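The following note is offered to accompany the model under review. Please read the points with the structure open alongside.

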Amino acid sequence: MRRLAKSVVLGAWLLITIFPLYWILVTSLKPKSEIFQLPLRYWPANLTFEHYTDLFSFADFGIYLLNSFFVSVVSAAAVTVIGIMGGYTLARFSFAGRGPLMLAFLVTQMVPLFIALGPLYLLMSDLDLLNHLAGLMLVYVAMLVPFATIIMRGFYERIPVALEEAAQVDGASRITAMVRVVIPVMLPGIAATFIFAFVQCWNELFLAITFIDSEDAKTIPVAMNSFITQYDIDWGSMAAATVVSVIPTLVLFAAIRRFIVEGLTAGAVKG
């Protein structure tokens with residue numbers, strides 16, 4: 001009986017969780033005349049793909065998609081590489097100021113982003129990086145590196161130092177031991193960190209809408225925000241854009257899901 005009740009509760013929770021995604025998909029397949037039609041239909045009476053064709057025919061959505069993918073992949077890769085090196089340093093070396101540095105990293109995660117928006121905007125303007133994807137990537141990397149470093153430190157501390165010492169006894173340098181011995185064991189943590197950074201960059205709107213105004217440099221969140229006008233919201237196109245924007249993250253999660261599960265279960269931060 002307890003197992004049945006548990007299954008019912010979990011099934012109901014799953015339906016509640018999935019229904020908004022299902023409704024977005026259904027809305028993207030409805031003609032404009034059906035979206036607000038009463039009574040509500042849970043499947044389109046007249047199935048249409050007009051919202052999807054409009055995205056790529058009358059808008060530069062393909063460019064926005066490529067911009068988002070490029071920004072997210074490059075930023076996530078940079079964050080992961082810096083996190084690997086920073087986490088190793090914090091986990092394996094004792095130096096003056098390590099404790100305050102860790103505290104500073106943690107404090108940066110508690111500070112609301114809008115506090116730094118003014119200085120960031122002036123800095124990007126002085127560097128002539130407004131309306132440039134490079135400027136947006138630079139801000140994303142700076143924003144995500146502290147958290148990635150903390151996470152990677154937690155993974156490193158779960159790996160015995162004896163593995164590196166054994167490699168060094170065999171003649172490997174510290175860097176060689178790290179690259180050939182430690183990092184292969186760290187793959188779940190590296191994958192989890194990369195996915196975290198990728199999703200954060202892919203979905204980020206606040207900074208992107210502040211620093212990007214040019215059509216050829218817009219990312220998907222900025223482009224989707226343009227569907228909201230002063231007097232109307234194009235729900236059909238927004239729903240279609242949401243469905244399209246979810247696909248890359250689903251593919252990425254499916255491709256490395258095993259590493260993600262291992263990384264999330266093994267990466268508790270210590271100390």
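How many helices and how many strands does the chain have?

1. The chain has 14 helices and 0 strands. The model is a predicted one, and this assignment should be read accordingly. From the N terminus on, the order of elements is α-α-α-α-α-α-α-α-α-α-α-α-α-α.

2. As to overall dimensions, the C-alpha trace spans about 70 × 65 × 30 Å along its principal axes. The chain comprises 271 residues, of which 38% count as buried.

3. Contacts across the sequence deserve mention. Among contacts in the chain with a separation of 6 or more, 70% are accounted for by residues 24 or more positions apart.

4. Regarding the surface, about 15800 Å² of the chain is exposed, and 70% of that area is supplied by carbon and sulfur atoms.

5. On charge placement, the chain carries 16 positive and 17 negative charges, and the mean positions of these two sets lie 19 Å apart.

6. Helix H7 merits separate attention. This helix covers residues 133-156, 24 residues in all. From its first C-alpha to its last, H7 reaches 32 Å, close to the 34 Å expected at 1.5 Å a residue. Where does H7 kink? The kink, of about 40 degrees, is located at Val145, shortly before the proline Pro146.

7. The same helix is mostly covered, with 19 of its 24 residues buried. In H7, then, a kink at Val145 occurs within a mostly covered helix.

Note on methods: Residues numbered from 1 in each chain as written. Predicted model: local features only at pLDDT ≥ 70, side-chain atom pairs only at ≥ 80, totals over all residues. Heavy atoms only, no water. Helix = DSSP H or I, 4+ residues; strand = E, 2+ residues; numbered from the N terminus. Buried < 20%, exposed > 50% of the residue type's maximum accessible area, 1.4 Å probe, protein only. Contact = heavy atoms within 4.5 Å. Areas by Shrake-Rupley, 256 points an atom, 1.4 Å probe, with all protein chains shown as cover. Lys, Arg positive; Asp, Glu negative; His and termini not counted. Charge placed at Lys NZ, Arg CZ, Asp CG, Glu CD. Expected span 1.5 Å × (residues − 1). Bend = angle between axes of the 7 residues up to and from the residue.
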